[in-house]
Amino acid sequence: MRLIITEHYNDMCRKAASIMASQITLKPDSVLGLATGATPVGIYEQLTAWYQNGELDFSQITTVNLDEYYGLAPDNEQSYHYFMTEHLFSKVNLPKGRQFLPDGKNLDTDRECERYQNLIRLLGGIDMQLLGLGHNGHIGFNEPSDAFVKEVHLVKLAEQTIEANKRFFARAEDVPRKAYTMGIGTIFQAKKILLAVSGAQKAKILKQVMYGPICPQVPGTILQLHSDVTVVADREAAEEIEAEI
Ligand code: F6R
């Protein structure tokens, strides 16, 4: 795992965006795996700025998102679909037919998981997967558990995740309890992985993810086995690691 430490959140976003921009420039028809949440907001802002000043072209790019809340339609303001439209899809020239997320409104779980897993396979896999890191070490919505789940699946969200994500909802009761997510194997088949982490509250878990024992109780630890992972962290997120260097 490569670790790039930046000063603040904004620098972290610019660095992560520049890695994604290189991917887009070198392979204009890349399949990009995308994430939602607070961390990538600044990354999408930077990519949008580079698109707007003519430095980036998304016209041949395809995107597949990590996850979507179960039961939420794309036009629901809390859905990840809506988030992506707001922060990226509506701002760059990414073709509408090439923006993919799990369909939260498809309540036929087996069918939806199979459809999304097959879709990623048919696209030829993911060239670069952007990840954030959950406070409990989750990647996508692969929550701490006794085993790594390989493919796209429906997951019951951990209490800690519901707690962390309630900031995006009017009331904690509104946070959906389930979500579709890429599995660890789905994420792992990405050729390159970019993990973006910000803030002191992620410092302990980031150190564990990078250097702790590999176990499904801390799902992000599996990234230690991938051959091409770049971690971009701001100084606060890297403080536990830096303390030992
Ligand atoms: C989002 C996702 C999650 C988040 C993680 C961190 O699509 O898959 O794993 O990346 O929960 O979220 P933030 O960035 O809000 O701290």
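The largest pocket of this predicted model holds about 630 Å³ of space. Its lining is made up of 37 residues, and those closest to the centre are Thr36, Gly37, Ala38, Arg167 and Phe168. If you sort the lining by class, you will find 15 nonpolar, 17 polar and 5 charged residues. Several elements take part: strand S4 (67-69), helix H3 (80-89) and helix H5 (159-165) each contribute at least two lining residues. The largest share belongs to H3, which brings 5 residues.

Let us turn to a single residue in helix H1. Ala17 sits in this helix, which spans residues 9-26. Is Ala17 buried or exposed? With a relative accessible area of 0%, Ala17 falls under the 20% limit for burial, so Ala17 counts as buried. Which residues does Ala17 touch, leaving aside its neighbours within four places in sequence? The partners are Ile43, Gln46, Leu47 and Trp50. Leu130 makes a nice pairing to look up as well: 113 residues separate Ala17 from Leu130 in sequence, while their C-alpha atoms are 9.9 Å apart in space.

Helix H7 (residues 203-211) is a good place to look at two sides of one helix. Here Ala203, Ile205, Leu206, Val209 and Met210 are buried. They lie on the same side of H7, because the arc they cover around the axis is only 165°. Lys204 and Tyr211, on the other side of H7, are exposed. What do the buried residues of H7 pack against? The table shows these elements with their residue ranges.

| Element packed against the buried residues of H7 | Residues |
|---|---|
| Strand S1 | 2-6 |
| Strand S9 | 192-197 |
| Strand S10 | 229-234 |
| Helix H8 | 239-242 |

Between H7 and S10 runs a loop, and Asp228 is found there. Which side chain does Asp228 meet in a polar contact of 2.5 Å? The partner is the side chain of Arg2. Setting aside neighbours within four places in sequence, Asp228 is in contact with Arg2, Lys191, Lys192 and Ile193. Some of these residues lead back to the table: the range of strand S1 is 2-6, and that of strand S9 is 192-197.

To follow these points in the structure, you could start at the pocket centre with Thr36, Gly37 and Ala38, among others, then visit the buried Ala17, and finish at the polar contact between Asp228 and Arg2.

Technical notes. Residues are numbered from 1 along each chain as its sequence is written. This is a predicted model: local features need pLDDT of at least 70, side-chain atom pairs count only at pLDDT 80 or more; totals for chains, interfaces and linings use all residues. Side-chain values use heavy atoms; hydrogens and water are left out. On a 1 Å grid over the protein atoms alone, a cavity is a set of points where a 1.4 Å probe fits but cannot get out, and a pocket is an open set with protein on both sides within 12 Å along at least five of seven lines; lining residues have an atom within 4 Å of a point. Grid points are joined across faces, edges and corners, and a volume is the space filled by probe spheres set on the points. Helices (H or I, at least four residues) and strands (E, at least two) are DSSP runs, numbered from the N terminus. Ala, Val, Leu, Ile, Met, Phe, Trp, Tyr, Cys and Pro count as nonpolar, Asp, Glu, Lys and Arg as charged, and the others, Gly among them, as polar. Buried means under 20% relative accessible area, exposed over 50%, partly exposed in between (1.4 Å probe, protein chains only). Contact means heavy atoms within 4.5 Å. The arc is that of the directions from the helix axis to the C-beta atoms. A polar contact is a pair of N or O atoms within 3.5 Å; within protein, one must be able to donate a hydrogen and the other to accept it, and residues adjacent in sequence count only if both atoms are side-chain atoms.
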